[in-house]
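Below is a briefing on one protein chain. Look over the sequence and the structure, then read the points by topic.

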Amino acid sequence: MEAVTMRLWSDAFGENEAVPVKFTKDGYNTSPPFGWDGLPDGTRELALLFEGVTPATHEPWVHWLVYKIPADAEDLPSGFKHAREPEEPMHVLQGSNGLGNIGYDGPSGTVGRTYRYRIRLFALDHAMDLEPGLDWKTFELAIKGHVLDQAELHARYERPG
């Protein structure tokens with residue numbers, strides 16, 4: 001029997017493709033949709049981190065941290081509001097991003113420069129008892145030792161001139 005590989009994708013953009021403007025600060029700044037499959041046995045909860053990894057010499061810039069995603073969810077729809085515990089389009093918890101805001105703040109950048117992004121989906125081995133509004137460092141410590149597997153999707157964005 002072949003091992004199942006956890007996969008993450010977006011219907012808005014493919015691997016190493018550009019994030020569409022509507023999902024950036026130059027557009028509507030709305031969170032993009034994500035889907036996944038191949039979760040490992042024992043997955044009890046999911047979390048997603050959208051981070052800027054350009055320039056590589058700095059700490060990644062958190063654009064979105066969303067957690068308490070139910071293990072039986074097949075996707076994360078687009079359109080989450082800036083709320084610690086949104087009910088729509090689904091009930092999850094959101095953390096703080098690099099701007100200190102709660103929820104999604106999309107790519108922006110400098111005209112003529114390409115920025116790179118990494119989106120990671122974490123499969124966790126139990127339902128985490130966490131408060132909404134956590135920053136990435138606090139969340140990362142909380143999930144240490146509880147990540148069964150993770151999948152990555154990479155994207156880019158160059159601000160229109």
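The accessible surface of the protein chain comes to about 8,300 Å² in this predicted model. Carbon and sulfur atoms account for 48% of that surface. As for the inside, 42% of the 161 residues count as buried.

**Overall build**

- The protein chain has one helix and nine strands.
- Read from the N terminus on, the order of elements is β-β-β-β-β-β-β-β-α-β.
- The radius of gyration is 15 Å, close to the 15 Å that the globule rule gives for 161 residues, so the protein chain is as compact as a globular protein of that length.
- Along its principal axes, the C-alpha trace spans about 45 × 35 × 30 Å.
- Take the contacts between residues at least 6 apart in sequence: 70% of them join residues at least 24 apart.
- The chain carries 15 positive and 25 negative charges, and the mean positions of these two sets are 8 Å apart.

**The helix and what it packs against**

- Which residues of helix H1 are buried? In this helix, made of residues 136-143, they are Trp136, Phe139 and Ile143.
- These three cover an arc of only 65 degrees around the axis, which puts them on the same side of H1.
- The buried residues of H1 pack against four strands: S4 (45-52), S5, S8 (114-124) and S9 (147-158).

**Two residues of strand S5**

- His63 lies in strand S5, which covers residues 61-70.
- Is His63 buried or exposed? With a relative accessible area of 7%, His63 is buried, because buried means under 20%.
- Leaving out residues up to four places away in sequence, His63 touches Phe50, Glu51 and Gly52, and also Asn97. Its other contacts are Gly103, Tyr104, Asp105, Gly106, Pro107 and Tyr117.
- Lys68 is found in S5 too. Its relative accessible area is 27%, and Lys68 is partly exposed.
- The phi angle of Lys68 is near 65 degrees, a positive value in a residue other than glycine.

**The loop between S2 and S3**

- Asn29 sits in the loop between strand S2 (17-18) and strand S3 (34-37).
- Although Asn29 is not a glycine, it has a positive phi of about 55 degrees.
- Asn29 has a relative accessible area of 18% and is buried.

**The loop between S6 and S7**

- Pro89 is in the loop between strand S6 (75-76) and strand S7 (93-94).
- A cis peptide bond joins Glu88 to Pro89, with omega at about 0 degrees.
- Ser78 is found in the loop between S6 and S7 as well. At 31% relative accessibility, Ser78 counts as partly exposed.
- Which residues does Ser78 touch, not counting those up to four places away in sequence? They are Phe23, Thr30, Ser31, Pro32, Pro33 and Pro89.
- Ser78 and Pro33 are 45 residues apart along the chain, while their C-alpha atoms are separated by 4.3 Å.

**The loop between S8 and H1**

- Ala127 lies in the loop between S8 and H1.
- With a relative accessible area of 46%, Ala127 is partly exposed.
- Beyond its neighbours within four places in sequence, Ala127 is in contact with Arg44, Glu45 and Lys68.
- His146 is 19 residues from Ala127 along the chain, and the C-alpha atoms of the two are separated by 9.7 Å.

**Strand S9 and distant parts of the chain**

- Arg156 is found in strand S9, and at 33% relative accessibility Arg156 counts as partly exposed.
- How many residues apart along the chain are Arg156 and Val19? The count is 137, and their C-alpha atoms are separated by 6.1 Å.
- Leaving aside neighbours within four places in sequence, Arg156 is in contact with Asn16, Glu17, Ala18 and Val19. Arg156 also contacts Thr114, Tyr115, Arg116 and Tyr117.
- Tyr117 is thus a contact of Arg156 and also a contact of His63.

Note on methods
Residues are numbered from 1 along each chain as its sequence is written. This is a predicted model: local features need pLDDT of at least 70, side-chain atom pairs count only at pLDDT 80 or more; totals for chains, interfaces and linings use all residues. Side-chain values use heavy atoms; hydrogens and water are left out. Helices (H or I, at least four residues) and strands (E, at least two) are DSSP runs, numbered from the N terminus. The radius of gyration is taken over C-alpha atoms; the globule rule is 2.2 Å times the number of residues to the power 0.38. Buried means under 20% relative accessible area, exposed over 50%, partly exposed in between (1.4 Å probe, protein chains only). Contact means heavy atoms within 4.5 Å. Accessible areas come from the Shrake-Rupley method with a 1.4 Å probe; for residues, only the protein chains shown count as cover. Lys and Arg count as positive and Asp and Glu as negative; His and the chain ends are not counted. The place of a charge is taken as NZ of Lys, CZ of Arg, CG of Asp or CD of Glu. The arc is that of the directions from the helix axis to the C-beta atoms.
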